[in-house]
Amino acid sequence: MTQLGQCIAVHRDCWEILSSGKKYRAIINNKYENIVYPVVGDVVSINIDLKNQSCIILDIQPRTTELYRNKDGHKKTIAANIDIVFITTSMNKEFNVGKLERLLIMVNQSGAKPCFVLTKADICTNPNIYIEQIKRHFSTVPYVVTSSLNEQSIELLKTMWNPGETAIFVGSSGVGKTTLINTLLGYQVGKVYEVREKDDKGRHTTTSSIYLELPDGRKLIDSPGIRSVGLLNLDFKDINEVFSFISENEKMCQYKNCTHTNENGCRIIELLNEGIIDENDYRRYLKMKRQILYDAQKSGIDNRADWEKRRDLLQKKKKYRKRR
Ligand SMILES: Nc1nc2c(ncn2[C@@H]2O[C@H](COP(=O)(O)OP(=O)(O)OP(=O)(O)O)[C@@H](O)[C@H]2O)c(=O)[nH]1
Ligand SMILES: [Mg+2]
Ligand SMILES: [Zn+2]
């Protein structure tokens, strides 16, 4: 009997599949290399053999969205078919704009909508500091301020996605993803341990993603904390989108392929000197652009503009002539 199901958990030796209201532990009967393994959220076709009590995954349906990151140079898919990603951060020392930028790029690449969730409002003395940073850096991305103790904030969070849609919570360990999910569900799915006062780190509690459903049909996925956000297939569009407050000024730069590092009269450098562009933002922006060139070099692709290639070639020739 072949039917469709949804992957709700990935275990070491099998996949948990929900199909027609029943849960199955399924395996993949495939000896070929390079097969794509299902992740949480995937829709799969399964073959159920009632006689032998076995369930085999035959294939994965095309993914509408795919959340992935770079793990040691390889694509690691976190979840599939997600509508909205809650980029979760606590309003304390853990809050890091650079990390949020990288998470936002990851979400933009996935095809799902982003939303920032700022947690632990009850123990934050000045939430406005964090809210202002979100507004300044990510003016087009919606955000919600929450406290797991405040019912109103949980209701507000619920308005961010509709029944039938799937949301995933991502972010560093200890920011309160599982606590929010437990509060939304009204019962405890994942165990929550105290975070250490010293460094705000939680004991690594959530170890694999799980897929859950609220009684009203809203679906949600809890995921393990992400320590560092490796990005894959990064391109200039991804960076410009997230750093729009810098990149939108590029049009005003008099040089077409300006590197905004040492060009005379560069508009970006002018804005930097005038204090309109923040120096830390500028540094992260250039660093990320450099990463594209580094990635391309590593994979042997030269994505630099023609003028840059000509410039480097000329410099090499000059050096060579000098040596002679
Ligand atoms: N005061 C306060 N504490 C919270 C809130 N949300 C979570 N916490 C605490 O923060 C700690 C970590 O919460 P978790 O929900 O386990 O964090 P997590 O993001 O799921 O962490 P990982 O599973 O490791 O990725 C626990 O001690 C929670 O009680 C909140 O809104 N207010
Ligand atoms: Mg957790
Ligand atoms: Zn410039």
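Good morning. A residue is called buried when its relative accessible area is under 20%. With that term in hand, I turn to the structure above, which is a predicted model.

I begin with helix α4, which spans residues 177-185. Which of its residues are buried? They are K177, T178, L180, I181, N182, L184 and L185. That is seven of the nine residues of α4, so the helix is mostly covered. The cover over these buried residues includes the strands β8, β9, β11, β12 and β13, together with helix α3. Just after α4 comes G186, and the phi angle of G186 is positive, near 85°.

One residue of α4 also takes part in a metal site. The magnesium ion, ligand 2, is coordinated by the OG1 atoms of T178 and T206, at 2.0 Å. T178 belongs to α4, whereas T206 sits in the loop between α4 and β12; the pair therefore ties together parts that are 28 residues apart in sequence. Both T178 and T206 are buried.

I now move to the neighbouring element in this account, helix α3, residues 151-158. How are α3 and α4 arranged with respect to one another? The two helices pack at an angle of about 90°, and their axes are 11 Å apart. This is why α3 is described as roughly perpendicular to α4. On the α3 side, the residues that meet α4 are I154, L157 and K158; on the α4 side, they are L180, T183 and L184. By character, the residues of this contact are four nonpolar, one polar and one charged.

Where on α3 do its buried residues lie? The buried residues are S153, I154, L157 and K158. They cover an arc of only 150° around the axis, and so they lie on the same side of α3. A general property of helices is helpful here: an α-helix has 3.6 residues a turn, so residues three or four places apart point the same way. The cover over the buried residues of α3 includes strands β8, β9, β10 and β11, as well as α4.

Finally, I draw attention to a single residue of α3, L157. Is L157 buried or exposed? Its relative accessible area is 0%, and because buried means under 20%, L157 counts as buried. Setting aside neighbours within four places in sequence, L157 is in contact with F86, V117, V144, F169, L180 and L184. Of these contacts, L180 and L184 are also among the α4 residues that meet α3.

Thank you for your attention.

Note on methods. Residues numbered from 1 in each chain as written. Chains lettered and ligands numbered in written order. Predicted model: local features only at pLDDT ≥ 70, side-chain atom pairs only at ≥ 80, totals over all residues. Heavy atoms only, no water. Donors = N, O, S within 2.8 Å, 3.2 Å for Na, K, Ca; no water. Helix = DSSP H or I, 4+ residues; strand = E, 2+ residues; numbered from the N terminus. Buried < 20%, exposed > 50% of the residue type's maximum accessible area, 1.4 Å probe, protein only. Axes fitted to C-alpha atoms, helices over the stretch in contact; angles between N-to-C directions. Parallel < 35°, antiparallel > 145°, perpendicular 65-115°, else oblique. Contact = heavy atoms within 4.5 Å. Nonpolar A, V, L, I, M, F, W, Y, C, P; charged D, E, K, R; others polar. Arc of directions from axis to C-beta.
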